[in-house]
Amino acid sequence: TERLRPPLTGLWSCIPVLFTEDQASRNTIPERHRQLWFSRQQIEKTPILNMQTARKLHEYYNADVSSPLWSPFNAASAFEGLPPCFIQVCGRDVIRDDGLLYELMLREHGTKTRLNVYPGLPHCFWAIIPQHEASKKFMIDIALGFAWLLNQEVDVAKAAKVMVFPSVEGGDR
C-alpha cells in the first residue's frame, strides 16, 4: 500500500463494488473464497439495482477493472497495513458479496473491521425508502461507524440527534 501523508486513519466503504462478472475479475477473488461470491446470481432480479442495470452502469462507466484503483483485489499487497475499516452491505443487493469478501480479506490480514449488514434490503435502500425504519438505522449506523473509526464512544440516542435523515418531499410515497 502507498504511504500517504498524513496517513489514513480509517476507511468507510459503503456498499462497495469490487468485481465484475468477467472471468478475469472473478479470478482476483482468492480461490479459497470464490464459493462465497454468488450474490449476482442469487439476487439477479431485485428492486433498484438488478443485474441488467448493474451491467449497463458498468458499460457506461467503462472502468479499467484490472486496475488497483478499481479494486484492491487487483493489487498484490492491498490488504496489508490498512487502518480500521467500516463497511456497510445491503443484504438484497447484487453486489452484496463484494463487500462481504472485502471485509473477510481485511480481517484475515489483521485489519480491524466493523461490518453492518442490512438483511433483505436492496441497494441504496435508505435513499429510496427513507421513511423505512431500517433507513433511519442505516443513518445512525454511519454516525456510530465514524465514531468507531475515530475511537470515540457515541450512544445511539446521540447519534440519532446529529444525523440528517433523508426525507420524502411532499409526504410519503
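## A walk from salt bridges to sheet and cores

Searching the whole structure turns up seven salt bridges, each a side-chain nitrogen of Lys or Arg within 4 Å of a carboxyl oxygen of Asp or Glu. Before you click, note that this is a predicted model, where local features need pLDDT of at least 70 and side-chain atom pairs count only at pLDDT 80 or more, while totals for chains, interfaces and linings use all residues. Residues are numbered from 1 along each chain as its sequence is written, and side-chain values use heavy atoms, with hydrogens and water left out.

**Stop 1: arginine 32 and glutamate 108.** Select this pair and you'll find a salt bridge with its closest N and O atoms 2.8 Å apart. Arginine 32 sits in the loop between helix 1 (23-26) and helix 2 (39-42) and glutamate 108 in helix 4, so the bridge ties together parts 76 residues apart in sequence. Helices (H or I, at least four residues) and strands (E, at least two) are DSSP runs, numbered from the N terminus.

**Stop 2: the sheet.** Now show strands 1, 2 and 3: they make an open sheet in the order 1-2-3, with parallel pairing (two strands pair if DSSP finds at least two bridges between them). Strand 1 (11-14) and strand 3 (113-122) are the edges, each pairing on one side only. Strand 2 and strand 3 share seven bridges. Pick glutamine 88 and you'll see asparagine 116 of strand 3 opposite.

**Stop 3: the largest nonpolar core.** Color its 16 residues; Phe19, Phe73, Phe79, Leu101 and Tyr102 touch the most other members. Such a core is a set of buried Ala, Val, Leu, Ile, Met, Phe, Trp, Tyr and Cys residues joined through side-chain atoms within 4.5 Å. Helix 4 gives the largest share, five residues. Center on leucine 101: beyond its neighbours within four places in sequence, it is in contact (heavy atoms within 4.5 Å) with Phe19, Ile29, His33, Leu36, Trp37 and Phe73.

**Stop 4: helix 6.** Select residues 133-149; the end C-alpha atoms are 24 Å apart, in agreement with the 24 Å expected for 17 residues (1.5 Å times one less than the number of residues). Of these, 13 are buried, where buried means under 20% relative accessible area, exposed over 50% and partly exposed in between (1.4 Å probe, protein chains only). Inside the helix, lysine 137 and aspartate 141 form a salt bridge at 2.8 Å, N to O. Lysine 137 is partly exposed at 44%, whereas aspartate 141 is buried at 6%. Just past the helix, asparagine 151 has a positive phi of about 55°.
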